[in-house]
Amino acid sequence: MTKIRIAIQKSGRLNEESLQILKDCGISIDNGKDQLKASSRNFPMEVFYLRNGDIPQYLRDGVVDIAIIGENVLIEKGEDISIAEKLGFSKCKVSLAVPKSFKYNSVKDFEGKRIATSYPNTVINYLKEKGVEADLHIISGSVEIAPNIGLADAICDIVSSGSTLFKNNLKEVEVMLTSEAVLAVSPKISEERKELLAKLQFRIQSVLRARG
Ligand code: PRP
Ligand code: MG
């Protein structure tokens with residue numbers, strides 16, 4: 001039997017709510033996070049638990065058919081991948097932040113500054129549009145520590161509650177984009193699996209309507 005292959009975040013903020021929306025769609029997944037692959041008992045679906053940043057490439061290659069992923073990750077490295085549905089959870093911003101003591105006037109203040117980020121394409125595109133050139137330092141996590149250890153003058157990262165910025169004495173000065181979890185689709189999905197996707201989307205839409 002053909003199954004639709006879905007990628008969800010292995011660990012992190014999207015993981016729980018991604019499993020919850022499947023559950024609300026009446027899809028039971030057999031095992032938890034310890035295994036990297038799981039199947040559903042009552043829907044033709046296989047679940048792959050993957051690293052967020054790897055998911056766009058898996059979609060592009062057609063190794064998975066669909067994924068629940070942050071829109072911000074697609075904007076950073078999957079602009080070619082289409083979105084079937086916005087899912088309304090894991091809302092966040094991708095923002096530029098500077099130390100609280102920095103007297104910030106405008107985006108021009110980033111000219112020549114060192115910016116630490118895990119979202120280089122997003123930052124470069126944003127600053128390019130504003131005619132600003134900065135020096136990027138690409139790091140994969142704990143970005144907010146960078147100004148405190150002298151690695152950078154500013155950072156660009158996800159802001160949700162704002163508490164990570166606050167704890168690191170930073171202030172948000174530019175919101176580059178807003179994001180939420182989305183259902184993304186591989187450009188290589190087969191016709192047969194498109195039918196399964198349509199069934200899933202139908203259920204997701206009624207769950208989202210009920211959530212209001
Ligand atoms: C994420 C993100 C921010 C923080 C934002 O980091 O990179 O640092 O959450 O959330 P907040 O505004 O509610 O504080 P995460 O804790 O997932 O760890 P990582 O950066 O090491 O991946
Ligand atoms: Mg972080």
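The following paragraphs describe the confidence, domain arrangement, sheets and ligand surroundings of a predicted model.

In this predicted model, local features require a pLDDT of at least 70 and side-chain atom pairs count only at pLDDT 80 or more, whereas totals for chains, interfaces and linings use all residues. Residues are numbered from 1 along each chain as its sequence is written, and chains are lettered from A and ligands numbered from 1 in the order in which they are written. The average pLDDT of the chain (the predictor's confidence in each residue, from 0 to 100) is 96, and 98% of the residues score at least 70. For the complex, the predictor gives an ipTM of 0.96 together with a pTM of 0.93.

The domain assignment, with bounds taken from an automatic or database source, divides the chain into domain 1 (4-90 + 180-211) and domain 2 (92-179). The C-alpha centres of these two domains are 29 Å apart. Eight residues from domain 1 and eight residues from domain 2 take part in the contact between them, two residues being in contact if their C-beta atoms, placed from the backbone, lie within 7 Å. On the side of domain 1 that touches domain 2, helix α3 (residues 71-77) contributes the most, with five residues; helices (H or I, at least four residues) and strands (E, at least two) are DSSP runs, numbered from the N terminus. By class, that side of domain 1 holds one nonpolar, three polar and four charged residues, where Ala, Val, Leu, Ile, Met, Phe, Trp, Tyr, Cys and Pro count as nonpolar, Asp, Glu, Lys and Arg as charged, and the others, Gly among them, as polar.

An open sheet of six strands follows the order β2-β3-β1-β4-β11-β5 with mixed pairing, strands being paired if DSSP finds at least two bridges between them. Because β2 (37-39) and β5 (82-86) each have a single partner strand and stand at the edges, one side of each is left without a neighbour in the sheet. Neighbouring strands of this sheet are turned against each other by 30° on average, direction ignored. Strands β4 (residues 66-70) and β11 (residues 181-185) run antiparallel and are joined by five bridges, with Ile-68 opposite Leu-183 in β11. Helix α1 (residues 13-24) lies across β1 (4-9), β4 and β11 and runs at about 140° to β1; axes are lines fitted to C-alpha atoms, for helices over the stretch in contact, and angles run from 0 to 180 degrees between N-to-C directions.

An open sheet of five strands, also with mixed pairing, has the order β8-β7-β9-β6-β10. Its edges are formed by β8 (135-138) and β10 (170-179), each with a single partner strand, so one side of each lacks a neighbour in the sheet. The twist from one strand to the next averages 25°. Strand β7 (residues 114-117) pairs with β9 in the parallel sense over three bridges, and Ala-116 has Ile-155 as its bridge partner in β9. Helix α4 (residues 120-129) packs on the sheet, where it touches β6 (92-99), β7, β8, β9 and β10, and its direction makes about 165° with that of β8.

The residues surrounding ligand 1 include Gly-12, Glu-144, Asp-157 and Thr-164 (a residue is near a molecule or strand if its C-beta atom, placed from the backbone, lies within 6 Å of it). The elements giving two or more residues to this shell are β9 (154-159) and α5 (163-167), and the largest share, three residues, comes from β9. By class, the shell has two nonpolar, eight polar and two charged residues.
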